[in-house]
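Load the model in your viewer and keep the sequence panel open beside it. The stops below each give a selection to make and say what is found there.

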Amino acid sequence: MHNTIYVDTNIVIDMCDNTRAMYNNSFARITEYMEQGACELFINSDTLANVFYILSNRSTLDTSEVLEKMYFVSDIFTLVPIESEDVLMALDLCSDSNKPYKDYEDAVQYVCAKKIDADLIVTNDKKFVSLDIELFSTMC
């Protein structure tokens, strides 16, 4: 069983927008983790800003609905702050030609997952790179 679960931004967006194709799968999987009770779910602080922006600009939700979703997300996830050293580590991962990181946002997600010693990263990003943390997709 996984105790420390890091959740990628795409899963959080899925959970908040019922028009997305993976809404049901992502919502059901995260709910399942929550019901287990023995695990903690994490997102990084930048995820909230990205989710708010996407829901406000690319969904049919009005501002009050977006805010309601944001409070929901804040209630179920523990926030991992992104600090200067995390940014530098992510940039180093992207600039190291020996490592397969091409996407800065994914590198930040990975660095944050490492920071909390995550057992699992839940993502539907097929190109997400994790060197040593198990990945799980809700696209089953």
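## Stop 1: Glu134

Select Glu134 and show what surrounds it: leaving aside neighbours within four places in sequence, Glu134 is in contact with His2, Asp119, Leu120 and Ile121. Bear in mind throughout that this is a predicted model. Glu134 sits in strand β5, which covers residues 134–136. Its relative accessible area is 43%, so Glu134 is partly exposed. Add a distance from Glu134 to His2: the two are 132 residues apart along the chain, yet their C-alpha atoms are separated by 9.9 Å.

## Stop 2: the largest nonpolar core

Next, select Ile5, Val7, Val12, Ile30, Tyr33 and Phe77. These are the residues with the most contacts inside the largest nonpolar core, which has 23 residues. Colour by element to see where the core comes from: two or more residues each are given by β1 (4–7), α1 (9–16), α2 (23–36), β2 (40–44), α3 (45–58), α4 (63–76) and β4 (120–122). The largest share, five residues, comes from α1. In soluble globular proteins, nonpolar side chains tend to be buried together.

Which residues does Ile5 touch, leaving aside its neighbours within four places in sequence? Show Tyr33, Cys39, Glu40, Leu41, Phe42, Leu120 and Val122, and the list is complete. Apart from this core lies another, of 18 residues, with Ala90, Val108, Tyr110 and Ala118 among them.

## Stop 3: Glu40

Keep Ile5 on screen and select Glu40, in strand β2. Its contacts, not counting neighbours within four places in sequence, are Asn3, Thr4, Ile5 and Thr78. With a relative accessibility of 38%, Glu40 counts as partly exposed. For a longer distance label, draw one from Glu40 to Ala107: they are 67 residues apart along the chain, and 21 Å separates their C-alpha atoms.

## Stop 4: α3 against α4

Hide the side chains and display α3 and α4 as helices. Their axes are 10 Å apart and the packing angle is about 155°. An angle over 145 degrees counts as roughly antiparallel, and α3 and α4 are therefore roughly antiparallel to each other. Their crossing is right-handed.

Now bring back the side chains at the contact. From α3, show Leu48, Val51, Phe52, Leu55 and Ser56; they meet Val66, Leu67, Lys69, Met70, Val73 and Ser74 in α4. By class, the residues of this contact are eight nonpolar, two polar and one charged.

## Stop 5: α1 against α4

Leave α4 displayed and swap α3 for α1. Here the axes are again 10 Å apart, and the angle is about 130°. That angle makes α1 oblique to α4. The crossing of α1 and α4 is right-handed.

On the α1 side, select Val12, Met15 and Cys16; on the α4 side, select Lys69, Phe72, Val73 and Ile76. The residues of this contact divide into six nonpolar, no polar and one charged. Lys69 and Val73 of α4 appear in the contact with α3 and in the contact with α1.

## Stop 6: α5 against α6

Move to α5 (84–95) and α6. The two axes come within 8 Å and cross at roughly 125°, which makes α5 oblique to α6. The crossing is right-handed.

For the contact, take Asp86, Val87, Met89, Ala90, Leu91, Leu93 and Cys94 from α5, together with Tyr104, Ala107, Val108, Tyr110, Val111 and Lys115 from α6. Of these residues, 11 are nonpolar, none is polar and two are charged.

## Stop 7: Asp117 and Met22

Follow the chain past α6 (104–115) to Asp117, in the loop that leads to β4. Is Asp117 buried or exposed? At 61% relative accessibility it counts as exposed. Check its backbone too: phi of Asp117 is near 55°, a positive value in a residue other than glycine. Most residues other than glycine have a negative phi.

Finish at Met22, in the loop between α1 and α2. Met22 has 17% relative accessibility and so counts as buried. Not counting residues up to four places away in sequence, Met22 touches Asp14, Asn124, Thr138 and Met139. A last distance label joins the two residues of this stop: Met22 and Asp117 are 95 residues apart in sequence and 27 Å apart in space, C-alpha to C-alpha.

Key: Residues are numbered from 1 along each chain as its sequence is written. This is a predicted model: local features need pLDDT of at least 70, side-chain atom pairs count only at pLDDT 80 or more; totals for chains, interfaces and linings use all residues. Side-chain values use heavy atoms; hydrogens and water are left out. A nonpolar core is a set of buried Ala, Val, Leu, Ile, Met, Phe, Trp, Tyr and Cys residues joined through side-chain atoms within 4.5 Å. Buried means under 20% relative accessible area, exposed over 50%, partly exposed in between (1.4 Å probe, protein chains only). Helices (H or I, at least four residues) and strands (E, at least two) are DSSP runs, numbered from the N terminus. Contact means heavy atoms within 4.5 Å. Axes are lines fitted to C-alpha atoms, for helices over the stretch in contact, and angles run from 0 to 180 degrees between N-to-C directions. Angles under 35 degrees count as roughly parallel, over 145 as roughly antiparallel, 65 to 115 as roughly perpendicular and the rest as oblique. A crossing is left-handed if the near helix is turned anticlockwise from the far one by less than a right angle, and right-handed if clockwise. Ala, Val, Leu, Ile, Met, Phe, Trp, Tyr, Cys and Pro count as nonpolar, Asp, Glu, Lys and Arg as charged, and the others, Gly among them, as polar.
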